[in-house]
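Student: I've got a structure open and I'd like to talk it through. Can we take the whole chain first and then zoom in on one strand?

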Amino acid sequence: MKKVFRWLLFVICWLLIACAPSTFEETSIYKREGRYPQPPELKTNLAWVVLEWNGKLVFDKNLNLVQGGYGSGFLGSKEKGFFYSNKHVTDTFKSLGGHSHKIFFNGRIYNAAIVQNSLLFDAAVFKITDPFDSSDFPDPELLGKEKVMVGEKLFIEGFHPHPYEVRRTDQENGVRHLVIPIFRDYYQVVRTKTDRYTEVVYEKLEATAVKIDVKVKIEGGREANYILAKTARNHLFSFGGLSGSRVKNKKGEVIGIFTGETSKTEVDPKSYDHSTDSFAIKEPIFDQVLITPMELLRDLQNLMEKAN
């Protein structure tokens with residue numbers, strides 16, 4: 001009797017599992033079809049570049065990245081599928097095998113490979129390795145030929161994961177971000193119908209050039225001259241992950257690659273503590289960024305034009 005009962009229980013459980021709707025299959029259709037949910041109004045020559053760990057990004061419970069990495073890039077040649085980015089974004093391209101890096105570009109996902117890293121500064125060119133139809137790609141923007149001047153207005157665009165609290169605060173201050181649900185719908189790292197989680201956004205920042213030819217040694221490159229710029233608003237959290245983004249001038253010409261940030265902390269002059277002989281530190285302000293100027297990229301541009 002017990003054997004019969006166990007057999008019936010097994011059959012019932014199997015039927016329940018087999019007949020239940022498969023949420024995973026429904027939501028993983030993006031991976032199966034090599035696409036992601038990009039808003040139809042967004043047609044751009046910018047790409048999001050991801051280093052996957054065993055086919056995924058690994059986060060902790062607070063959606064802090066534990067394994068993997070990401071950055072941005074922008075189209076340099078539509079016919080060849082070449083993109084500009086930072087060297088520190090592409091340094092890991094060979095570390096996890098040929099299919100570990102993905103290019104998220106206008107709703108489609110491609111495998112990526114390095115074409116050339118600069119040995120002198122933080123810049124690189126990578127390419128799509130899968131078959132693609134270049135007629136679906138937008139044209140690249142023209143590269144600026146004139147050197148950036150102090151006081152010049154600059155415009156930064158790229159893909160960047162934003163915490164919900166930052167998106168909410170920005171919206172309260174009149175800044176609205178276009179959200180691209182890659183974490184939720186493609187990587188499935190969250191299971192929620194709300195927007196209260198960290199997600200990729202299409203970021204736009206206005207900045208002003210503060211200093212030109214600032215000598216800085218950035219990880220992934222030797223000491224070189226960069227542009228120091230101040231953003232028009234406090235970014236509220238680190239710019240980390242925005243590397244490789246495109247920077248344009250008023251004419252719409254690309255004048256550089258977003259490369260890094262500089263730390264900036266201030267003390268509260270009213271917070272002096274006699275017992276410790278110290279001041280309290282104010283909330284950090286994130287508004288100082290470093291840009292690799294395009295005049296440094298001429299060799300990479302020439303290489304890209306000659307490469308197959």
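Student: What percentage of the 308 residues in the protein chain is buried?
Tutor: Keep in mind that this is a predicted model. A residue counts as buried when its relative accessible area is under 20%. Across the 308 residues of the protein chain, the buried share comes to 44%.

Student: And how much of the exposed area do carbon and sulfur atoms supply?
Tutor: Start from the total: the protein chain exposes about 17,000 Å². Of that area, the part supplied by carbon and sulfur atoms is 54%.

Student: How many strands are there in the protein chain?
Tutor: Helices come to 7 in the protein chain. The strand count is 15.

Student: Let's zoom in on E15, residues 288-293. How many of its residues are buried?
Tutor: Look at each face in turn. On one side sit Gln-288, Leu-290 and Thr-292, and on the other Val-289, Ile-291 and Pro-293, all buried. So by the under 20% cut-off, the count for E15 is 6 of 6.

Student: Which residue of E15 stands opposite Lys-230?
Tutor: Strand E12, residues 223-231, pairs with E15 in the antiparallel sense over 4 bridges. Opposite Lys-230 in E15 you'll find Gln-288.

Student: Then there's E14. Which residue in E15 is the bridge partner of Phe-258?
Tutor: E14 covers residues 254-261, and it pairs with E15 over 5 bridges, in the antiparallel sense. For Phe-258, the bridge partner in E15 is Ile-291.

Technical notes:
Residues are numbered from 1 along each chain as its sequence is written. This is a predicted model: local features need pLDDT of at least 70, side-chain atom pairs count only at pLDDT 80 or more; totals for chains, interfaces and linings use all residues. Side-chain values use heavy atoms; hydrogens and water are left out. Buried means under 20% relative accessible area, exposed over 50%, partly exposed in between (1.4 Å probe, protein chains only). Helices (H or I, at least four residues) and strands (E, at least two) are DSSP runs, numbered from the N terminus. Two strands pair if DSSP finds at least two bridges between them. Accessible areas come from the Shrake-Rupley method with a 1.4 Å probe; for residues, only the protein chains shown count as cover.
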